[in-house]
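Open the model in your viewer and keep the selection panel at hand. The stops below go from one residue outward to the whole chain.

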Amino acid sequence: MIVCVAVVGHQNNPLYLQSFTEADDALKLHHVVHCSLDVIDERVNNPKRNAPTLNETFLGLLYPTENYKVYGYLTNTKVKFLMVTTDLDVKDADARNFFRKFHAAYVDAVSNPFHVPGKKIASRSFGARVSTIVKSFGSGTTV
């Protein structure tokens with residue numbers, strides 16, 4: 001189950017962060033997302049250690065904790081997508097499919113002529129589309 005998704009700009013500025021839990025653990029999820037940014041920077045800035053995945057946009061499992069697992073995706077423009085899940089056995093194919101759909105929704109949102117590049121994404125249609133993608137995660141359905 002996905003509990004949080006985030007879009008972080010190339011200067012590590014938060015562009016979008018949405019949690020999908022009823023509990024008041026939003027601050028904890030913000031912390032988990034923030035900690036995983038260091039892992040992304042380490043993987044991107046140390047290409048010798050990660051040579052096979054250098055050109056790969058899907059970064060895989062970034063930051064496992066006791067309760068959550070964080071998966072990452074890096075766009076060509078260095079915008080980072082993060083998914084925080086409580087599932088212990090997320091398949092890479094499901095995560096890749098999620099990020100592919102999430103990236104398409106992001107591209108549609110920032111292609112809006114009224115969106116200011118580098119600013120938070122405040123589009124209601126983007127939020128609704130992300131919620132639909134999150135609900136369909138792991139079920140094998142297409143959005």
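Contact here means heavy atoms within 4.5 Å. This is a predicted model, in which local features need pLDDT of at least 70 and side-chain atom pairs count only at pLDDT 80 or more, while totals for chains, interfaces and linings use all residues. Residues are numbered from 1 along each chain as its sequence is written, and side-chain values use heavy atoms, with hydrogens and water left out.

Select Phe-126 first. Leaving aside neighbours within four places in sequence, Phe-126 is in contact with Tyr-16, Phe-102, Ala-105, Tyr-106, Ala-109 and Ile-121.

Next, add Val-5 and Phe-98: with Phe-126, these have the most contacts inside the largest nonpolar core, which has 26 residues. A nonpolar core is a set of buried Ala, Val, Leu, Ile, Met, Phe, Trp, Tyr and Cys residues joined through side-chain atoms within 4.5 Å; buried means under 20% relative accessible area (1.4 Å probe, protein chains only). To see where this core comes from, colour β1 (2–8), β2 (14–19), β4 (69–74), β5 (80–85), α2 (92–110) and α3 (124–135), the elements that each give two or more residues to it. The largest share, seven residues, comes from α2.

Now select Val-3, Val-8, Val-32 and Leu-62, which are among the 17 residues of another core, apart from the largest one.

Finally, show the whole chain as a cartoon. Three helices and five strands appear, in the order β-β-α-β-β-β-α-α from the N terminus. Helices (H or I, at least four residues) and strands (E, at least two) are DSSP runs, numbered from the N terminus. Of the 143 residues, 41% count as buried.

Key: Buried < 20%, exposed > 50% of the residue type's maximum accessible area, 1.4 Å probe, protein only.
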